[in-house]
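I opened the model to note where a few residues sit and how the chain is arranged. The entries follow the order in which I looked things up.

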Amino acid sequence: MITGIQITQKILLLLYLAKAAERDIREKRVAVRPAVKMMLLSGGLLILTTAAGRRLLRLGMAALPGMTVLLISGISREAIGKGDALVLLVVGFSLGAGAACEVLAAGVFLSFPAALFVLISKKGDRRTELPFLPFLLAGYLLYLAAEG
């Protein structure tokens with residue numbers, strides 16, 4: 001059964017992702033301060049809703065998808081932006097590691113047609129940077145719809 005805290009957390013994440021996606025489109029950047037605030041809020045709620053003996057494990061697991069993308073960002077010289085990894089950390093703290101992976105996979109899958117369009121229409125080349133957060137938002141919406 002879903003609790004009031006979980007519903008509130010999902011709504012807050014939706015609002016945060018919508019604002020972050022809009023900023024990513026407009027400014028091609030992720031604001032760090034709101035992301036950190038959202039991580040602290042989500043991490044705090046995660047701690048409050050987790051049994052005492054499992055809190056550290058659950059926090060570590062929730063951070064894993066975002067930390068993995070952050071590592072890939074560093075290795076790939078930011079082919080994937082560090083801001084995208086920061087937002088994925090927020091998603092992980094809000095939903096947990098498994099759901100964050102589902103949202104990420106959906107976002108990546110949804111970004112392929114846009115990237116293909118840019119290449120085929122000659123609007124850019126393979127180095128053209130597309131904002132990823134709108135696709136992450138769409139992936140989250142798909143996750144919510146599939147969840148029922």
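**Entry 1: the H3–H4 loop.** I began with Arg77, which is found in the loop between helix H3 (55-75) and helix H4 (82-95). The model is a predicted one, and I read everything below with that in mind. I looked up the backbone of Arg77 and found phi near 55°, a positive value in a residue other than glycine. Is Arg77 buried or exposed? Its relative accessibility is 78%, and a residue counts as exposed over 50%, so Arg77 is exposed.

**Entry 2: the H1–H2 loop.** I went to Lys28 next, in the loop between helix H1 (4-27) and H2. Phi of Lys28 is near 55°, again a positive value in a residue other than glycine. I checked the accessibility as well: Lys28 comes out at 62% and counts as exposed.

**Entry 3: overall fold.** I then stepped back to the whole chain. How many helices and strands are there in the protein? I counted six helices and zero strands, and the pattern along the sequence reads α-α-α-α-α-α. I compared the radius of gyration, 16 Å, with the 15 Å that the globule rule gives for 148 residues; the two are close, so the protein is as compact as a globular protein of that length. Along the principal axes, the C-alpha trace spans about 55 × 35 × 25 Å.

**Entry 4: burial, contacts, surface.** I looked up burial for the 148 residues and noted that 36% count as buried. Of the contacts with a separation of 6 or more, 68% are between residues 24 or more positions apart. The accessible surface of the protein is about 9,100 Å², and carbon and sulfur atoms hold 68% of that area. For charge, I have 17 positive and 9 negative side chains, with the centres of the two sets 4 Å apart.

**Entry 5: aromatic rings.** I searched the whole structure for aromatic pairs and got one. That pair is Tyr140 with Tyr143, at 6.3 Å centre to centre and 15° between the planes. Why is the pair called stacked? Planes under 30 degrees apart count as stacked, and the angle here is 15°, so the pair meets that cut-off. I placed both tyrosines in helix H6 (residues 133-147), where Tyr140 and Tyr143 are three residues apart, about one turn of the helix. Tyr140 is buried at 0% relative accessible area. Tyr143 has a relative accessibility of 15%; the cut-off for buried is under 20%, so Tyr143 counts as buried.

**Entry 6: Ser42.** I moved to helix H2 (residues 32-48), which holds Ser42. The relative accessible area of Ser42 is 1%, so the residue is buried. Which residues does Ser42 touch, leaving out those up to four places away in sequence? I listed Gln9, Val90, Phe93 and Ser94.

**Entry 7: Leu110.** I found Leu110 in helix H5 (residues 97-120), partly exposed at 27% relative accessible area. Leaving out residues up to four places away in sequence, Leu110 touches Phe135, Ala138, Gly139 and Leu142. I also took a distance to Gly43: the C-alpha atoms of Leu110 and Gly43 are separated by 28 Å, with their positions 67 residues apart along the chain.

**Entry 8: Gly124.** I looked at the loop between H5 and H6, where Gly124 lies. Gly124 has a relative accessible area of 22%, which makes it partly exposed. Its contacts, not counting residues up to four places away in sequence, are Val118 and Leu119. From Gly124 to Leu137 I read 23 Å, C-alpha to C-alpha, for residues that are 13 apart in sequence.

**Entry 9: Ala18.** My last stop was Ala18, in helix H1. Ala18 is partly exposed, with a relative accessible area of 34%. How many ångströms separate Ala18 and Ala85, C-alpha to C-alpha? I noted 16 Å, for two residues that are 67 apart in sequence.

Terms used: Residues are numbered from 1 along each chain as its sequence is written. This is a predicted model: local features need pLDDT of at least 70, side-chain atom pairs count only at pLDDT 80 or more; totals for chains, interfaces and linings use all residues. Side-chain values use heavy atoms; hydrogens and water are left out. Helices (H or I, at least four residues) and strands (E, at least two) are DSSP runs, numbered from the N terminus. The radius of gyration is taken over C-alpha atoms; the globule rule is 2.2 Å times the number of residues to the power 0.38. Buried means under 20% relative accessible area, exposed over 50%, partly exposed in between (1.4 Å probe, protein chains only). Contact means heavy atoms within 4.5 Å. Accessible areas come from the Shrake-Rupley method with a 1.4 Å probe; for residues, only the protein chains shown count as cover. Lys and Arg count as positive and Asp and Glu as negative; His and the chain ends are not counted. The place of a charge is taken as NZ of Lys, CZ of Arg, CG of Asp or CD of Glu. Rings of Phe, Tyr and Trp (its six-membered ring) pair if their centres lie within 6.5 Å; planes under 30 degrees apart count as stacked, over 60 as edge-to-face and the rest as tilted.
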